[in-house]
Amino acid sequence: FNLHTSTMANNNNFDDMNAIHHIRLFCADMVQKASSGHPGAPLGLAATAHVLFGQVMNYSPKNPNWINRDRFVLSNGHASALLYTMLHLSGYEQFPIEQIKNFRQLHSNTAGHPEAEFDGIEVTTGPLGQGLSNAVGLAIAQTNLAATYNKPNFDLFDNYTYVVCGDGCLMEGISSEASSYAGHLGLSKLIVLYDDNKITIDGSTDLTFTEDVIARYESYGWETLVVENGHDNVEGLREAIEKAKKSDKPTLISVRTIIGIGSSKEGTSKAHGAPLGEDDIVNLKKKLNMDENKKFYVPDEVREYYENVMNEGGKKENQWKEMFEQYKNEYPNESKEIIRRFNNELPENWKESLPTYSVNDAPKATRALSRDVLQALIPNFPELVGGSADLAPSNYTLLGDIWTDYQKDNRAGRNFRFGVREHAMVAICNGMSAYGGMLPFGATFLNFTGYCLGAITLSALSKHRCFFVMTHDSIFLGEDGPTHQPIFYYNLCRGIPNLLFIRPADGNEVVGAYINTIESKDRPTILSLTRHGVPNLEGTNAESVSKGAYKVKTINSDNDEDLDLIIVGTGSELSICYEALSNDKLKDLKIKLVSMPCWELFDEQDLDYKLSIFPSNVPVLSVEAGNSDSWHKYSHGNVGINTFGLSAKAKDLFVEFGFTADNVADKSLALIDFYKDQTFKSKVLQPF
């Protein structure tokens, strides 16, 4: 089953340049109708797109989720008009002419930058460099699945990953991180076509970007090729891609193009980010001997050509299906596992291996408890892969002999040594998630979320199924000091839509955090974990983490009526709150202790449940070792930290910043006194 011959045989009777010119004009019309967009890159890259979609890639528009399709990533996502044009020509049902004409309009499938919820768009791109970095993850996933499931005469997973990127992508630091890692790993099925047009928004790259890109990528361990006159050199593009396929390295092809070619703005930054203008498009059509009155016009011979491409792709898919049917007969267990993984179904009885904890167990850091859970999960979860950004001994993601490192000579390995590349690590995890059949995670310190933020945001936007083990999650990491202490990152992470931020308090809540992480199939999770040890508390449990907040204990009241105060804590501070309940200052008061490991899950509960946790007329004191500004959603007073931290031993920082049982007791009394004899609504009651 040789599925990687060219999609279309070279057809000497077909006029490639005619197709390329119509692709250019189609893109220009799209941007012009929207009065918004980026026409320059699509004009320069039309030949590249035609060669990829029309002659090189294996894909099946009638089944966009075919497992072994070649993946295409438009890393310079501002050139989205080009991608939408190719998806339209190729026969993707979600991109009919009506959607093309609705480019950049409300609720259209053709957003300003590609969004992966639509068929044919592998990853959401726009922030430059992210797509190229996602592609490294896509390429890694292919090699890992191939090493795991391919058998003699059964190359189930052998697709290529193609990327188109621009100067801006290569300037972004994330692309350096990801490209360096790809070179180290020797990802030979990753082929990047660099739109080397020497123009950015500000003007010529002479202003900002004069490095030798070819030498840079050679130093990473990549194959490098150059295609001159790439805006119309179809044969040169084909030959370069065929050479790239024969390399045992990832390949960067520098495609020398002219931005906005043919327009009056060609070769300038004016072609980058604004419509060409009706007069310019008319003149361009005249220059190409085309009817200036026709818009969104594609001649029959071009449509027929791409219909043939679609049909050829369908044949390739059917050949693969025939192979998979034979594979099922010879390897029934492996085939069932592949189907389960790509359907995002969980292994049977997977929770049975999870640990449980009691108050008699010795205190442990939640990062160590996380390691316990991962060690229990790994043998039963072949799709669970991940690693750390050079902090594995600190993140506790070194799991011993239960798995091996993924390296160039061990593609079946599942532990990834990402190196000091936090931003690329998250983007690569996003790419692995996008490939399908993978549940990836990355790990670093919570304070280094700042390095990862762009990729975490796209992970949430794209609904990727992945998670991030973020340890050393408070000032109590100690002597490393304020450069490493994540004062405001709780708020920042909680502010990202479609992202779970879970801060477990002890062993049972760590187990609950992992259960919710694994069962969340359309959103990523950040696990916020401690460096220092915490006790296992009576009243915590794994099941209640799914509620986001729940009652742990009440003193001096059997039914939570006539409460004087509610104390709510997260993470390691819950044990401080627990200790405060035994303080003599509070011994006669009716107080409920609430654990709140995840705001997002709590906000999804119904109003009755929310009011059972935070009823009206009872003041709420929050205790958390981070910025307290956002706690106004739930609490009336806070024990928090709204300054940078300090370098000191954790035991001294507890006292310095007031995270002691005695201070919590004092603040409790002050809050009760302030609200004495007042009536007030619960903070969870809002007018809209």
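The largest pocket holds about 800 Å³ of space. Of the 31 residues that line the largest pocket, Asn65, Ala116, Glu122, Ser433 and Ala434 are the closest to its centre. The model is predicted.

**Largest pocket**

Three helices each supply at least two lining residues: α12 (332-342), α15 (422-435) and α16 (449-462). Helix α15 gives the most, with three residues. By class, the lining of the largest pocket has eleven nonpolar and eleven charged residues, with nine polar ones.

**Second largest pocket**

The second largest pocket has a volume of about 280 Å³. A set of 18 residues lines the second largest pocket, and the closest to its centre are His78, Leu128, Gly168, Thr200 and His272. Two elements, α6 (167-171) and β4 (199-200), give two or more residues to this lining. Helix α6 gives the most, with four residues. The class make-up here is seven nonpolar, eight polar and three charged residues.

**Side by side**

| Pocket | Volume | Lining residues | Nonpolar / polar / charged residues | Top contributor |
|---|---|---|---|---|
| Largest pocket | about 800 Å³ | 31 residues | eleven / nine / eleven residues | α15, three residues |
| Second largest pocket | about 280 Å³ | 18 residues | seven / eight / three residues | α6, four residues |

**Where to look**

Which residues are the closest to the centre of the largest pocket? Ser433 and Ala434 are among them, along with Asn65, Ala116 and Glu122. For the second largest pocket, residues closest to the centre include His78 and His272.

Terms used: Residues numbered from 1 in each chain as written. Predicted model: local features only at pLDDT ≥ 70, side-chain atom pairs only at ≥ 80, totals over all residues. Heavy atoms only, no water. 1 Å grid on protein atoms, 1.4 Å probe; cavity = no way out; pocket = protein on both sides within 12 Å on 5 of 7 lines; lining within 4 Å. Points joined across faces, edges and corners; volume = space filled by probe spheres on them. Nonpolar A, V, L, I, M, F, W, Y, C, P; charged D, E, K, R; others polar.
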